[in-house]
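Me: I would like a close look at one part of this model, with enough of its surroundings to place it. Could you walk me through it in one connected answer?

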Amino acid sequence: MKKTGPARWVPSMKQNSNALRHLGLWLLMGGVFLGVFYWGNVTSQDDEIVFREFAPRFWKEAWRSLILIFPALLTTLLLSSLLGVIEWAGRASLVAKELAQRQGRLWHHWLYALPGSLAYLASLMASLLAALPPFLLGIFFIRTAHLDTVHCQNLSYGILCLSLFNLDYFYRRSRQKIEEAYGAPHVLFARSLGLSEREIWRHHILPRIVRDNLALVRELLPHLTVESIVIEITFSYNGLLHSAIQAMRYGNPAGWYYLAFAVLFFVLFLSLAGYLCRVAEDHVCPAETIGK
């Protein structure tokens, strides 16, 4: 008898049509944005404002904002993974510590207590950093590293501020999702059937973790976008939103239009990022297959 593997989830025609409709709507809105941006103009106070004149500066500053937001997100993911490894080592050390204590090996008892202490300190530090607003973290780096915020960009410090501020939130939410995945009924049933922890991790836990973390990324991106304005102002880093707010503060009416285009750009950017994350979530672990 031929052995068959687990059935693959195939998206329905309705789900495919919904995805195509959302993508088509985004392309339509993107086309409208580019059309107005490159071919639109407005007359105000006997002065004609041609929007395409914004283009060289607009795209340059948009790129500068994106290279602040995405590396900050990636750094948050990497630091969260590192914090998870430290906590895993701390939990493993507690088990080894109890075993050493029962066996009367006091020297080993204190040795195993060290990883647990490091895990506690790392978690405490992440919580303290999350309690500080990004501009306070920025001021700390400026004062301690003697940064020049007039002539220098200090992009790496801005990325670090954003990632440290969001580290505790992302890590605790991710850990909560992992604990929920391990406590799911289908995982407990698979363990009762004698499946190895490696198989349970590969087929039941990992896809769920990837999906849940992609959902957390969707939650985090709007926060990073707003927080990037604070970092741009703190470090005098001329990103798109910071530049748009500066332009709006002056009496020139072009500043308001520049701000409007900046907001629309980030609305389109965040909606596209959310759409791509949802597509990746359904590809890795569709919602209909969770618990099966």
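What follows is my request about one helix, and then the reply.

Me: Please take helix 7 (residues 197-234). Where does helix 7 bend, what comes just after helix 7, and which residue does Arg218 pair with in a salt bridge?

Reply: Happy to. Keep in mind throughout that this is a predicted model.

Let me set the scene before zooming in. The protein chain has nine helices and two strands, and from the N terminus on its elements run α-β-β-α-α-α-α-α-α-α-α. Of its 292 residues, 37% count as buried. The chain exposes about 18000 Å², with carbon and sulfur atoms supplying 67% of that area. Among contacts between residues at least 6 apart in sequence, 72% join residues at least 24 apart. Helix 7 takes part in this kind of long-range link, as you will see below with Arg218 in helix 7 and Glu281 in helix 9, 63 residues apart.

Now to the helix itself. Helix 7 covers residues 197-234, and a straight helix of 38 residues would span 56 Å at 1.5 Å a residue. The end C-alpha atoms of helix 7, however, are only 47 Å apart. Alongside that span, there is a bend to look at: helix 7 turns by about 45° at Ile205. A proline, Pro207, follows Ile205 within four residues. If you are scrolling along the model, Ile205 is the place to pause and look at the two directions of the helix.

Arg208 is also a residue of helix 7. Its relative accessible area is 17%, which is under the 20% cut-off, so Arg208 counts as buried. For a view across to another stretch of the chain, take Glu180: its C-alpha atom is 9.8 Å from that of Arg208, while the two residues are 28 apart along the chain.

Further along helix 7 you reach Arg218, which forms a salt bridge with Glu281; their closest N and O atoms are 2.9 Å apart. This pair links distant parts of the chain, with Arg218 in helix 7 and Glu281 in helix 9 (residues 254-284). The two partners have unlike surroundings: Arg218 counts as partly exposed at 24% relative accessibility, whereas Glu281 counts as buried at 4%.

That bridge belongs to a set, as the structure holds seven salt bridges. Two others are handy for comparison, and both involve helix 5. Arg175 meets Glu87, with the closest N and O atoms 2.9 Å apart. Arg175 lies in helix 5 and Glu87 in helix 2 (residues 55-102), so this pair ties together parts that are 88 residues apart in sequence. Here too the arginine is partly exposed, Arg175 having a relative accessible area of 22%, and the glutamate is buried, Glu87 having 15%. The bridge between Asp168 and Arg172 is a local one by contrast, at 2.8 Å from N to O. Asp168 and Arg172 are four residues apart in helix 5, which means that about one helical turn separates them. Asp168 is buried with a relative accessible area of 11%, and Arg172 is partly exposed with 31%.

Back to the end of helix 7. Just after it, Ser236 takes a positive phi of about 55°, although this residue is not a glycine. Ser236 sits in the loop between helix 7 and helix 8 (240-248), and at 39% relative accessibility it counts as partly exposed. There is a similar case elsewhere to put beside it: His146, again not a glycine, also has a positive phi of about 55°. His146 is found in the loop between helix 4 (134-145) and helix 5 (155-182). Its relative accessibility is 70%, above the 50% cut-off, so His146 counts as exposed.

One last stop, away from helix 7, is on the surface. A nonpolar patch there is formed by Leu114, Leu118, Tyr120, Leu121, Leu124, Met125 and Leu128, and together they have about 730 Å² of accessible area. Leu118, one of these residues, lies in helix 3 (residues 106-131) and counts as partly exposed at 49% relative accessibility.

To pull your three answers together: helix 7 bends at Ile205, Ser236 with its positive phi comes just after the helix, and Arg218 pairs with Glu281.

Methods: Residues numbered from 1 in each chain as written. Predicted model: local features only at pLDDT ≥ 70, side-chain atom pairs only at ≥ 80, totals over all residues. Heavy atoms only, no water. Patch = residues over 30% accessible without salt bridge, like charges linked within 9 Å, V, L, I, M, F, W, Y side chains within 5 Å. Areas by Shrake-Rupley, 256 points an atom, 1.4 Å probe, with all protein chains shown as cover. Salt bridge = Lys/Arg side-chain N within 4 Å of Asp/Glu carboxyl O. Buried < 20%, exposed > 50% of the residue type's maximum accessible area, 1.4 Å probe, protein only. Expected span 1.5 Å × (residues − 1). Bend = angle between axes of the 7 residues up to and from the residue. Contact = heavy atoms within 4.5 Å.
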